[in-house]
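Welcome, and thank you for opening the viewer. Keep your selection tool at hand, and we will go from stop to stop together.

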Amino acid sequence: MTAPYAAAIVGFGKMAQGYAEDPAMARHFPYATHAQVLRDHPGFDWRAVVDPSVDALAAARDGWNVPHVGTDADALGPTREKIEVAVLATGPDARLGLLDQFPRLKAVIVEKPLGRTADDAHAFLAECRERGIMVQVNLWRRADERFRELAEGRLASLLGEVQAATCYYGNGLTNNGTHMIDFVRMLLGEVSDWHLSGANAGFIEGPIAGDSNPHFLLQMASGVEVAFQPLRFGHYRECGLTLWGTDGKLDILLEGLGISFFPKAAHRAMSGESEIAVDRPAPIDATCGQALYRMYDNLADCLDCGDEAGLWSDAKSAMKTTAIVDAIRMADAARG
Ligand SMILES: NC(=O)c1ccc[n+]([C@@H]2O[C@H](COP(=O)([O-])OP(=O)(O)OC[C@H]3O[C@@H](n4cnc5c(N)ncnc54)[C@H](O)[C@@H]3O)[C@@H](O)[C@H]2O)c1
């Protein structure tokens, strides 16, 4: 590995550091936040935090011992010129213009969604392209060890051919819908078409103002159709996926922490038929807790060898997901 990359976090809220205080999350996610990764990762030298909130800056300085903090990048003094990697963990409407603050940037890790709209996302990525900045988008499932194994062949060996799929999400299409559409693309390949579905227009809910939660179908190029079903997180949270294959069934539930395989077996009540043994799950170890750390591993490796093509969650892929989300969002808005 080359010298550690000087890093700054821009936007020091929940995803940047706040979730580290949640004891329940800590049991499953040693790396729930960017701050935890930057504190520990030898490939990065965490130099600075920028956030307009003085409370956030106090947390960075006193809680995380960050040497340079400021309400804007100018307040960082000469450190601003040294930052090579910026972690952009603001909300999606505050991303444009952030890159201008750091003249020597080589890479960003940017939170999803890339923008409020596909146009915003395009504009942000154009800025990155013009300056030759590598972009890793924190669609963390793409860095998860177990999910990568599934995408790279284990899914097919467990399930055979996928014949039916249902995806559950909530707290907003632009918010968690982005994660789950991207996850479906990761596991099942590209989307060839989509349709709104459902008897009603879903509901408005989530941290992004006005974000809707429509029912919709993704038609995959492979021919599989994935039904997206929104859940109200006021009752309970879930971002999950259930896949019925020709040889078994896979549930990826509990937002990725609960992975269960159900094998095909002789049918218990009909001679000569088969069933999926839904009462005999074989659990598969989840690895989500390390996914964010591995996102940074992958970025450091790509920076070391100047190989943008090696990024696991690159701009081009994230833009495909963004374009699908945006098209569904607009169709849902037009439906009223
Ligand atoms: N990848 C994931 O799994 C995941 C999980 C949660 C949130 N997120 C994403 O992370 C982003 C942040 O979400 P959050 O829940 O941490 O939000 P948050 O509101 O807790 O934090 C955002 C922070 O950005 C700061 N900020 C606003 N404008 C700024 C600017 N111009 N410059 C610097 N700082 C600025 C705010 O003061 C705040 O501290 C969102 O895009 C969200 O969708 C991703």
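Two strands count as paired if DSSP finds at least two bridges between them. Keep that in mind for the first stop, and remember throughout that this is a predicted model.

**First stop: a hairpin and its neighbour**

Select strand E11, residues 240–245, together with strand E7, residues 162–169; the two pair in the antiparallel sense over six bridges. Which residue of E11 is the bridge partner of Ala164? Highlight Trp244 and you have found that partner.

Now add strand E12, residues 248–253, which runs antiparallel to E11 and is joined to E11 by four bridges. Here Leu243 has Leu250 of E12 as its bridge partner. Between E11 and E12 there are two residues, and the two strands form a hairpin.

**Second stop: a strand with two faces**

Move to strand E9, residues 215–220, and show its side chains, which alternate along the strand. Phe216, Leu218 and Met220 point to one face and are buried. His215, Leu217 and Gln219 point to the other face and are not buried.

Next, bring in the neighbours of E9. Strand E8, residues 191–197, runs antiparallel to E9, with six bridges joining the two; look for Val191 opposite Met220. Strand E10, residues 225–230, is also antiparallel to E9 and is joined to it by four bridges, and in this pair Gln219 stands opposite Glu225. E9 and E10 form a hairpin with four residues between them, and Gly223 in the turn has a positive phi of about 105°.

**Third stop: one helix, two sides**

Select helix H5, residues 118–130. Its 13 residues reach 18 Å from the first C-alpha to the last, close to the 18 Å expected at 1.5 Å a residue. Which residues of H5 are buried? Colour Ala121, Phe124 and Leu125 to see them. These three cover an arc of only 95° around the axis, which puts them on the same side of H5. An α-helix has 3.6 residues a turn, so residues three or four places apart point the same way.

Turn the view to the face away from that buried side, and you meet the exposed residues Asp119, Ala126 and Glu130. Back on the buried side, the cover includes strand E6 (134–137) and helix H9 (315–335). After H5 comes Gly132, with a positive phi near 65°.

**Fourth stop: two domains and the core**

Colour the chain by its domain assignment: domain 1 is 5–140 + 291–324, and domain 2 is 145–286. Their C-alpha centres lie 29 Å apart. Ten residues of domain 1 are in contact with twelve residues of domain 2. On the domain 1 side of this contact, H9 gives the most, with three residues.

Now look for the largest nonpolar core, which has 96 residues; Ala7, Ile9, Ala86 and Val184 have the most contacts inside it. Helix H7, residues 173–188, gives the most to this core, with eight residues. Domain 1 and domain 2 both give residues to the core, so it lies between them. Zoom in on Ile9, and leave aside residues up to four places away in sequence: Ile9 touches Ala16, His34, Ala35, Leu38, Val49, Val87 and Ala89.

**Last stop: an exposed valine**

Finish at Val54 in helix H3, residues 54–63. Is Val54 buried or exposed? Val54 is exposed, because it has 10 other C-beta atoms within 10 Å and a residue counts as exposed at 12 or fewer. Thr71 is 17 residues from Val54 in sequence, yet their C-alpha atoms are 7.3 Å apart in space.

Notes
Residues numbered from 1 in each chain as written. Predicted model: local features only at pLDDT ≥ 70, side-chain atom pairs only at ≥ 80, totals over all residues. Core = buried A, V, L, I, M, F, W, Y, C linked by C-beta atoms within 7 Å. Buried ≥ 20, exposed ≤ 12 C-beta atoms within 10 Å, placed from the backbone. Domains from an automatic or database assignment. Contact = placed C-beta atoms within 7 Å. Expected span 1.5 Å × (residues − 1). Arc of directions from axis to C-beta.
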